[in-house]
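Q: Please take a close look at the aromatic rings of this structure. How are they arranged with respect to one another?

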Amino acid sequence: MVTPQLPLWSDKDATEGWVVRESTRARRLTVRVFHTGRVEVVVPSRTSPRAVERFLERHRGWIERKQDEAKQKAAPPAPFPPQRIELAACEETWRVYLSGGQGRVSLSAVSPGLLALSGDTHNSHPVRQLLRRWLTERAQEVLTPVLDQSARELGFSYERVLIRRQRTRWGSCSTRGTISLNCCLLFQRPPVVRYLLIHELVHTLHMNHSRRFWQRVARHCPEYESLDRELLDGWRRVPSWVFGDE
């Protein structure tokens with residue numbers, strides 16, 4: 001179980017997108033810098049504000065270097081609405097056609113590989129919401145049967161699957177056997193997606209990243225180390241409209 005995010009006690013850090021998240025499962029303080037430059041500090045329950053401040057001061061130089069690297073690697077914002085959407089996971093290309101019109105914006109798949117946006121598209125927020133909803137639905141259609149096939153093929157079982165749009169996780173597995181998958185997996189290569197599915201299926205047996213967990217992953221996916229590195233870098237393949245200007 002994870003508690004809601006807590007504010008950082010430094011106003012400066014808070015304005016730069018630094019957040020502290022308290023976790024009942026954490027055993028020590030950890031920090032992660034995401035591809036967007038966002039900084040998340042995970043702390044065990046009942047950690048004092050002073051302990052967090054000391055931890056941040058010790059690691060501030062490293063955090064700021066990683067933030068600078070993320071900014072340098074960030075791709076320039078793409079035109080919006082996008083003209084094309086490339087879904088590497090299922091080798092699909094969708095063309096986005098602006099059909100014009102006034103009033104409320106709508107999105108529909110008028111033919112295979114063609115999405116039509118109609119209505120007033122000058123307000124980008126509803127357009128982003130429609131594209132995100134379409135992406136999540138397409139991920140449900142694509143990823144669910146692939147997960148089911150992988151489970152049957154490799155001898156795993158799970159209770160249900162959820163498709164979500166998450167900033168920090170590609171997937172997760174609960175103790176009750178619910179596997180959550182990030183819709184952004186659609187922008188990753190099929191071997192990378194298969195590795196992630198295997199990763200979460202193995203979590204139905206091992207709810208940790210122990211030696212036995214990785215041995216079981218390696219049995220079904222010998223090249224998991226290189227695929228894991230590729231997935232870690234996979235956020236750069238996610239178009240900016242998926243999370244930008246929420």
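A: In this predicted model, Trp170, Trp235 and Phe243 form one aromatic cluster. By the rule applied here, the count comes to five aromatic pairs. A pair of aromatic rings is described by the distance of the centres and the angle of the planes.

One of the pairs is made by Trp94 and Trp134, whose ring centres are 5.3 Å apart and whose planes stand at 70°, so this pair is edge-to-face. Trp94 belongs to strand S6 (residues 92-100) and Trp134 to helix H3 (residues 124-154), so the pair ties together parts that are 40 residues apart in sequence. Because its relative accessibility is 9%, under the limit of 20%, Trp94 counts as buried. Trp134 likewise counts as buried, at 11% relative accessibility.

Within the cluster, Trp170 and Trp235 form a stacked pair, with 4.0 Å from centre to centre and 20° between the planes. The angle counts as stacked because it is under 30 degrees. Trp170 lies in the loop between S9 and strand S10 (171-173), while Trp235 lies in the segment after helix H6 (224-232), so this pair ties together parts that are 65 residues apart in sequence. Trp170 is buried, with a relative accessible area of 8%, and Trp235 is buried as well, with a relative accessible area of 4%.

Strand S9 (residues 160-164) also holds Arg164. At 41% relative accessibility, Arg164 counts as partly exposed. Together with Arg25, Arg27 and Arg169, Arg164 forms a positive surface patch.

Technical notes. Residues are numbered from 1 along each chain as its sequence is written. This is a predicted model: local features need pLDDT of at least 70, side-chain atom pairs count only at pLDDT 80 or more; totals for chains, interfaces and linings use all residues. Side-chain values use heavy atoms; hydrogens and water are left out. Patches are made of residues with over 30% relative accessible area and no salt bridge: like charges are joined within 9 Å, nonpolar side chains (Val, Leu, Ile, Met, Phe, Trp, Tyr) within 5 Å. Accessible areas come from the Shrake-Rupley method with a 1.4 Å probe; for residues, only the protein chains shown count as cover. A salt bridge is a side-chain nitrogen of Lys or Arg within 4 Å of a carboxyl oxygen of Asp or Glu. Lys and Arg count as positive and Asp and Glu as negative; His and the chain ends are not counted. The place of a charge is taken as NZ of Lys, CZ of Arg, CG of Asp or CD of Glu. Helices (H or I, at least four residues) and strands (E, at least two) are DSSP runs, numbered from the N terminus. Buried means under 20% relative accessible area, exposed over 50%, partly exposed in between (1.4 Å probe, protein chains only). Rings of Phe, Tyr and Trp (its six-membered ring) pair if their centres lie within 6.5 Å; planes under 30 degrees apart count as stacked, over 60 as edge-to-face and the rest as tilted.
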